[in-house]
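Subject: Structure for you to look at

Hello,

Here is the structure I promised to pass on. Please open it beside this message; my notes follow below.

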Amino acid sequence: MSIIAGAIMITFAAVAGAIGNAMLFSRYLEGIARQPEARSLLFGQTFIGIGLVEALPIISVAFGIMVLLGLF
């Protein structure tokens, strides 16, 4: 049962990260299309957002691996 739980955690982490990145980049491109002069400001904010979006899936993958190995 713990193998299934770990696999589900890793799967949901990958899906959530993909959805989060897709939403972030779509808003980034939309912002550039609306105001091209704000490109440099949006670029920096986008990479801060990527770091925040990717933090949770990385933590979830770590816990999923721990569950798969029986350490948690």
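Start with Ile58, which sits in helix α2. Ile58 is exposed, because its relative accessibility is 55% and the cut-off for exposed is over 50%. From Ile58 to Ala33 the C-alpha atoms lie 31 Å apart. Along the chain, that pair is separated by 25 residues. One caution before going on: this is a predicted model.

The helix pair

Two packed helices are described by the angle between their axes and the distance between the axes. Here, helix α1 covers residues 2–34 and helix α2 covers residues 39–69. Their axes come within 8 Å. The crossing angle is roughly 175°. So α1 runs roughly antiparallel to α2, since angles over 145 degrees count that way. The contact of α1 with α2 involves 20 nonpolar residues, 10 polar ones and two charged ones.

Asn21 and Val53

Which side chains does the 2.5 Å polar contact join? They are those of Asn21 and Glu54. Asn21 belongs to helix α1. Setting aside residues up to four places away in sequence, Asn21 touches Ile50, Val53 and Glu54.

Val53 is on the other helix, α2. Is Val53 buried, partly exposed or exposed? Val53 is partly exposed, because its relative accessibility is 25% and partly exposed runs between 20% and 50%. Beyond its neighbours within four places in sequence, Val53 is in contact with Gly17, Gly20 and Asn21. Val53 and Ile19 are also worth a look: their C-alpha atoms are 9.5 Å apart. In sequence, Val53 and Ile19 are 34 residues apart.

For another pair, take Ala18 and Ser60. Ala18 is in helix α1. With a relative accessible area of 47%, Ala18 is partly exposed. C-alpha to C-alpha, Ala18 and Ser60 are 14 Å apart. They are 42 residues apart in sequence.

Thr46 and Ile32

Thr46 is in helix α2. Why does Thr46 count as buried? Its relative accessible area is 6%, and buried means under 20%. Not counting residues up to four places away in sequence, Thr46 touches Leu24, Phe25 and Tyr28.

Ile32 is in helix α1. Ile32 is buried as well, because its relative accessible area is 19% and the cut-off is under 20%. Ile32 touches Arg39 and Leu42, again leaving out residues up to four places away in sequence. The C-alpha atoms of Ile32 and Phe43 are separated by 9.2 Å. Those two residues are 11 apart along the chain.

Salt bridges

Side chains of opposite charge can pair when their charged atoms come close. How many salt bridges does the model have? The count is two.

One salt bridge joins Arg27 and Glu30. The closest N and O atoms of Arg27 and Glu30 are 3.4 Å apart. Both residues are in helix α1, three residues apart, so about one helical turn separates Arg27 from Glu30.

Glu30 also forms a salt bridge with Arg34. Here the closest N and O atoms are 3.5 Å apart. Glu30 and Arg34 are four residues apart in helix α1. That spacing is about one turn of the helix.

Arg27, Glu30 and Arg34 are thus linked in a network of salt bridges. Accessibility across the three runs as follows:

- Arg27 is exposed, at 57% relative accessibility.
- Glu30 is partly exposed, at 32% relative accessibility.
- Arg34 is exposed, with a relative accessible area of 66%.

In brief

- α1 and α2 are roughly antiparallel, with axes that come within 8 Å.
- A polar contact of 2.5 Å joins the side chains of Asn21 and Glu54.
- Thr46 is buried at 6% relative accessible area, and Ile32 is buried at 19%.
- Arg27, Glu30 and Arg34 form the salt-bridge network.

Over to you.

Best wishes

Note on methods. Residues numbered from 1 in each chain as written. Predicted model: local features only at pLDDT ≥ 70, side-chain atom pairs only at ≥ 80, totals over all residues. Heavy atoms only, no water. Axes fitted to C-alpha atoms, helices over the stretch in contact; angles between N-to-C directions. Helix = DSSP H or I, 4+ residues; strand = E, 2+ residues; numbered from the N terminus. Parallel < 35°, antiparallel > 145°, perpendicular 65-115°, else oblique. Nonpolar A, V, L, I, M, F, W, Y, C, P; charged D, E, K, R; others polar. Polar contact = N/O pair within 3.5 Å; in protein donor to acceptor, adjacent residues only side chain to side chain. Contact = heavy atoms within 4.5 Å. Salt bridge = Lys/Arg side-chain N within 4 Å of Asp/Glu carboxyl O. Buried < 20%, exposed > 50% of the residue type's maximum accessible area, 1.4 Å probe, protein only.
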